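Work through these exercises with the structure open beside you. Try each task before reading its solution.

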Amino acid sequence: MKLSLRFLYVLPVLGGLITDRAFTEFALADEGSPVLAKFGLLLLATSCGFSVLYFRYMQPLMRRWFLVVVAALGGLALESYAGWGTWMVYPHVFAKLLILSHVFGLYAFYRRFGPPPFGLLMGTVMLGLLADLAVYHPDALSLSAFLDNERGFASTSAMMLLLPTLYYLNQYLTRGGMMRLILFFMGAALVIFLQHRSVWVAMGAALALNTGLLLLGRVEGARLSSARLLPMVLLPLFVLVSGGLVALSDPKVVKKLETSIGDIMHPDKQGTGSWRLKQFEAYKPFLEEYPIAGMRLKGFELPVQFYTLAEDGGGQVQVWADGTGHHFHSFYVDRLFYFGILGLLLTVAVPLLLLGRRLLSRAPLPPTSAVLIVYSISSLVYSISYDWPLYFFGLLGLSLAAAAEPGRMPVPAPTVPQPARLPRFDSFATVRHAHAPDLARP
């Protein structure tokens, strides 16, 4: 009897996912516990180790990107030493480049060893998120919480929930199973119920892109037959008839939904969108003054520019204390402020190129690879409103590994001619496994 330890391959990507508050809440009551900082350093060291140890398994473009990021860190260190007499005067700024090591580390690891068991990964994420809601935030699942905007989850947790939601959709369309369909609808309903409008928009973009791939026949094994599609219509209909229609017909619920949709449609006039716009306008002069390479270390020294009215309405107060960073509620504004256009391109140009190239290639997309790519692209929509959480960098590395062309190594010619076979990107063959049978199943 042979014991497979392949389930351990889920640990590198899961290590980043469990840094989200929905998971740390099980172990740590304090959101700012120093244990989390130490665990983050451990993850950083591990990712850096993977990047160096498995560097040779990276694609040429990924290698060049890695070297450019290392050079940028070196330049930032030289600037720090020249201006402040120390190699890393403000770790907060360095961290915005160092965190990219999670992309390279997980990409290199999964190119070397092959994919993690996705069923185990997605099941763990879904179960963990639902358990956090049930144990620590059960009140957030009530109608009154919905009307009072008590979400229970942070937006990063809601965005993570989108990943298994998409996964179970594609698994249902390729393999069937009523439980997979139920899990998809449960995840989608929770995303809507938790009312993070930025996640609503990201989910809409993800479902639109995923549907387009399905209709174009790009997802391997997907069956858009009546046997698959009819339950997708009947199940929501059953929920509505069983009582869901009563809740949706409540005037308060209708008004709440209308308000949320209005916030999305008019982000500059109401809701948190107007708050973000005011923050952007407060920093716009600095974005225009340093458009190419940003303010970098000087940006950390800049006093907080964003003010809001005091609770008593008697004047303006700083939103955050000086010396803690500027806490931008937009990934794009954050990178433009600290590193300018070059810094933004340094982060997103290569992933967009590789993911876009995979979407446009003729090879079919296996369901899991399609989910990872669609999720990563939809996260770029989410990034308009929020900075990237740590776990997303790991997921991006996994997505880039899924999007990579299989590695090629010379092998002895087979004695018996084998039928031609397209590579399966569901297990995105690595250099080691390029000519081996698939080792993972969805």
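**Exercise 1.** Which residue's side chain does the side chain of S155 join in a polar contact, and at what distance?

*Solution.* The model is predicted, so treat each value as computed from it.

Step 1. Find S155 in helix α9, which covers residues 155–175.

Step 2. Look for the partner. The side chains of S155 and Y382 are joined by a polar contact of 3.0 Å.

Step 3. Check the surroundings. Beyond its neighbours within four places in sequence, S155 is in contact with H196, V199, Y382 and Y386. Y382 is thus on the contact list and is also the polar partner.

Step 4. Decide whether S155 is buried or exposed. Its relative accessible area is 7%. Buried means under 20%, so S155 is buried.

**Exercise 2.** Where does R6 lie, and from which backbone oxygen is a polar atom of its side chain 3.2 Å away?

*Solution.*

Step 1. Place R6. This residue lies in the segment before α1 (11–17).

Step 2. Find the oxygen. A polar atom of the R6 side chain lies 3.2 Å from the backbone oxygen of F113.

Step 3. Classify R6. With a relative accessible area of 16%, R6 is buried.

Step 4. Follow F113 further. F113 belongs to one aromatic cluster, together with Y9, F50, Y54, Y57, F109 and Y110.

**Exercise 3.** How do the rings of F331 and Y332 pair, and how do those of F331 and W388?

*Solution.*

Step 1. Start with the total. The count comes to 29 aromatic pairs.

Step 2. Take F331 and Y332. Their ring centres are 5.2 Å apart and their planes stand at 75°. Planes over 60 degrees apart count as edge-to-face, so this pair is edge-to-face.

Step 3. Take F331 and W388. Here the distance is 4.2 Å centre to centre, with 5° between the planes. That pair is stacked.

Step 4. Locate the stacked pair. F331 lies in helix α16, while W388 lies in the loop between α17 and α18. The pair therefore ties together parts that are 57 residues apart in sequence.

Step 5. Compare exposure. F331 has 0% relative accessibility and counts as buried. W388 is buried as well. Y332 is partly exposed, with a relative accessible area of 21%.

**Exercise 4.** Which helices each supply at least two residues of the lining of the second largest cavity?

*Solution.*

Step 1. Count the cavities. There are 3 of 30 Å³ or more. The second largest holds about 60 Å³ of space.

Step 2. List the lining. It is made of V348, P351, L352, L355, S376, L380, W388, F392 and L396.

Step 3. Assign the helices. α16 (331–360), α17 (367–382) and α18 (390–403) each supply at least two of these residues. The largest share, 4 residues, comes from α16.

Step 4. Sort by character. The lining divides into 8 nonpolar residues, 1 polar residue and no charged ones.

**Exercise 5.** How many residues apart along the chain are L61 and L354, and what distance separates their C-alpha atoms?

*Solution.*

Step 1. Find L61 in helix α4, residues 60–84.

Step 2. Read the separation. L61 and L354 are 293 residues apart along the chain, yet 8.9 Å separates their C-alpha atoms.

Step 3. List the contacts. Leaving aside neighbours within four places in sequence, L61 is in contact with V350, L353, L354 and R357.

Technical notes. Residues are numbered from 1 along each chain as its sequence is written. This is a predicted model: local features need pLDDT of at least 70, side-chain atom pairs count only at pLDDT 80 or more; totals for chains, interfaces and linings use all residues. Side-chain values use heavy atoms; hydrogens and water are left out. Buried means under 20% relative accessible area, exposed over 50%, partly exposed in between (1.4 Å probe, protein chains only). A polar contact is a pair of N or O atoms within 3.5 Å; within protein, one must be able to donate a hydrogen and the other to accept it, and residues adjacent in sequence count only if both atoms are side-chain atoms. Contact means heavy atoms within 4.5 Å. On a 1 Å grid over the protein atoms alone, a cavity is a set of points where a 1.4 Å probe fits but cannot get out, and a pocket is an open set with protein on both sides within 12 Å along at least five of seven lines; lining residues have an atom within 4 Å of a point. Grid points are joined across faces, edges and corners, and a volume is the space filled by probe spheres set on the points. Ala, Val, Leu, Ile, Met, Phe, Trp, Tyr, Cys and Pro count as nonpolar, Asp, Glu, Lys and Arg as charged, and the others, Gly among them, as polar. Rings of Phe, Tyr and Trp (its six-membered ring) pair if their centres lie within 6.5 Å; planes under 30 degrees apart count as stacked, over 60 as edge-to-face and the rest as tilted.
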